[in-house]
Amino acid sequence: MLTKKTDIAESTIAAIATPIGTGGIGIIRISGDRALGVACHIFRPTSVRFSKLFFLCQKEKIPSHRLFHGHIIQPDGGEVVDEVMLVVMKAPCSYTREDVVEIQSHSGFGVLNTIMFLVLEQNVRIAEPGEFTKRAFLNGRIDLTQAEAIIDLINARSGLSAHAAARQLTNGLHQYLSPIKTALLNILCRMEAYIDFPDDVDADVDPHLCLIEDTVVKPVRYLLEQYQAFSHFREGLRVTIIGRPNVGKSSLMNLLLRRDRAIVTEIPGTTRDSIEDGLFIQDIQVLLVDTAGLHDAWDPVEQKGIERTYQQIDQADLVIFVTDALHAFDSEDIHLLQDIRRKPSLVVVNKVDLIPEEHVLRTQVQYDSLPMIAISVLQKINTDNLTEWLYRHIRSSGMARRSIDVIPNIRHKQSLERMLSSLENAKTGLQAGMTIDGIVVDLREALHALGEISGERYDEEIISRIFESFCIGK
Ligand SMILES: Nc1nc2c(ncn2[C@@H]2O[C@H](COP(=O)(O)OP(=O)(O)OP(=O)(O)O)[C@@H](O)[C@H]2O)c(=O)[nH]1
Ligand SMILES: [Mg+2]
């Protein structure tokens, strides 16, 4: 176990921070004490005002947080390598809290490699994956939960998961943990004061017990509950659309997403594999899943698709059962509805344009135990009310979260569990009349576990594992 700042390498690091390949712009990022020196060595600004500062390497006079236009040159012959924009961000106001220089060149493999070569010649080494962010963490600009959020943000495959990660980065667990830490420290101070001045401090255990329970145990339990209930919601509430073939499941998916995501044809069995996409229904984050139509299929490909539909039903938080108005609630439908009974479900009766208006009402009373709406996706009948109806039922089911800012991951959960166990020991000790010294040990253990989450105290192996999952240049 290490404490912070023991591990920050003295070296200056550099990496190509953009994906390799031909493109408009490629960025080389340099961080460390030598970053500005490297810039002075290989960069010549166009502005006469600044060229002297770079030429004479008057680092303290070079303005920070400014974009300079100029050229990267071969330091020996002065030959131009590329026309670039260069940004200087002096410590501590940079991503890593060190001096950072970013060179925006043209993004060709040859150009970026040549510039990298010139940079590395200046006693700079190539950054390891995630090393810039690791430095931001080690220098105290972000905590470990924020570093994890940055990985999630980079790896987010949908706008939705990016949104979740961005919230975690700016407004997430670290903000929630801070008052818990303050409360725990306050309790520890009171206890330690009692050890030092036993006559001056209230020896009654009840107030201590209440404080531990209300200000620390309850919020920790809440976070663990969040994990239990919502860890699978990192990508949104899973809403799965099922029903017989050709009833309009994919049409409904496209309507809700407001774009042609799934193929729609008049041929039953069009959707073979499950299709997922995210949306917000007002403030509720949803992952919508369209599935292969359920029936007794003989085609092996369709059978595989149907197997997947049943897997999707298992994973779903909510099922939307779609049926068409002409065949609604025939024996096949009733059979399928039995299958999904254990899942929270809503029923959409589609294609009401195909039946006379007076029959619509009759359809609605036929299966009254589940919330139901009758619409026509094709003719846009009652579709204006669809999202509002969905929203109302998801909300009233209590399964949706207003926000997704505090969902601990598995690493956080393990530390929270350790923390809770130490707190329970402290409480039991207090009730059993154990000496305050012993209780302080338990509380310190709880504080230690809390420090693991934020990274104030950390295990080198865990840190390496976290940062290894970053890409080079971040
Ligand atoms: N008349 C009518 N036709 C509709 C309506 N909604 C969809 N359709 C048509 O029904 C056919 C099937 O629609 P899909 O959305 O592909 O149905 P699906 O349930 O996804 O079908 P599979 O993927 O084969 O299981 C298409 O020709 C749609 O244009 C509707 O409200 N009224
Ligand atoms: Mg379909």
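The magnesium ion, ligand 2, picks up two protein donors, Ser250 through OG and Thr271 through OG1, lying 2.0 Å from it. Donors here are N, O and S atoms within 2.8 Å of the metal (3.2 Å for Na, K and Ca), and with water not among the atoms, sites may look incomplete. Ser250 sits in helix α9 while Thr271 belongs to the loop between α9 and β10 (275-281), so the pair ties together parts that are 21 residues apart in sequence. Ser250 and Thr271 are both buried, where buried means under 20% relative accessible area, exposed over 50%, and partly exposed in between (1.4 Å probe, protein chains only). Helices (H or I, at least four residues) and strands (E, at least two) are DSSP runs, numbered from the N terminus.

A word on the ground rules. This is a predicted model, where local features need pLDDT of at least 70 and side-chain atom pairs count only at pLDDT 80 or more, while totals for chains, interfaces and linings use all residues. Residues are numbered from 1 along each chain as its sequence is written, chains are lettered from A and ligands numbered from 1 in the order in which they are written, and side-chain values use heavy atoms, with hydrogens and water left out.

**Around ligand 1**

Now for ligand 1. It has 23 residues around it, and Lys249, Ser251, Gly269, Thr270 and Thr271 come nearest; a residue counts as near if one of its heavy atoms lies within 4 Å of the molecule. Thr271 thus turns up among the nearest residues of ligand 1 and also as a donor to the magnesium ion. Helix α9 (residues 249-257) supplies the largest share of the shell, three residues. Sorted by class, the shell has eight nonpolar, eleven polar and four charged residues. In that scheme Ala, Val, Leu, Ile, Met, Phe, Trp, Tyr, Cys and Pro are nonpolar, Asp, Glu, Lys and Arg are charged, and the others, Gly among them, are polar.

Which residue puts a polar side-chain atom 2.8 Å from a nitrogen atom of ligand 1? That is Asp353. On the backbone side, an N or O atom of Val377 lies 2.9 Å from a ligand oxygen, and a polar backbone atom of Thr265 is 3.5 Å from an oxygen of ligand 1. A polar contact is a pair of N or O atoms within 3.5 Å; within protein, one must be able to donate a hydrogen and the other to accept it, and residues adjacent in sequence count only if both atoms are side-chain atoms. Taken alone, ligand 1 exposes 650 Å², and the protein buries 91% of that. Those areas come from the Shrake-Rupley method with a 1.4 Å probe; for residues, only the protein chains shown count as cover.

**Domains and some spot checks**

Zooming out, the chain is divided into domain 1 (2-142), domain 2 (155-230 + 408-454) and domain 3 (237-397), with bounds from an automatic or database domain assignment. The C-alpha centres of domain 2 and domain 3 lie 44 Å apart.

Here are some C-alpha to C-alpha separations, set beside the spacing along the chain.

| Pair | Apart in sequence | Apart in space |
|---|---|---|
| Leu370 and Gly26 | 344 residues | 55 Å |
| Arg190 and Gly455 | 265 residues | 25 Å |
| Leu257 and Asn382 | 125 residues | 17 Å |
| His359 and Leu336 | 23 residues | 23 Å |

As for where these residues live, Leu370 is in the loop between α12 (357-366) and β14 (372-374) and is buried at 19% relative accessible area. Leu257, in helix α9, is buried too, at 11%. Arg190 is in helix α7 (residues 173-196) and partly exposed at 40%. His359 lies in helix α12 and is partly exposed, at 29%.

**Backbone oddities**

Most residues other than glycine have a negative phi, and most peptide bonds are trans. Against that background, the Ala91 to Pro92 peptide bond is cis, with omega near 0°, and Pro92 falls in the loop between β6 (80-89) and β7 (100-107). Cys57 has a positive phi of about 55° though it is not a glycine; its place is the loop between α2 (48-55) and β5 (66-73), and at 30% relative accessibility Cys57 is partly exposed. Lys380 also has a positive phi, near 55°. Lys380 lies in the loop between β14 and α13 (386-397) and is exposed, with a relative accessible area of 53%.
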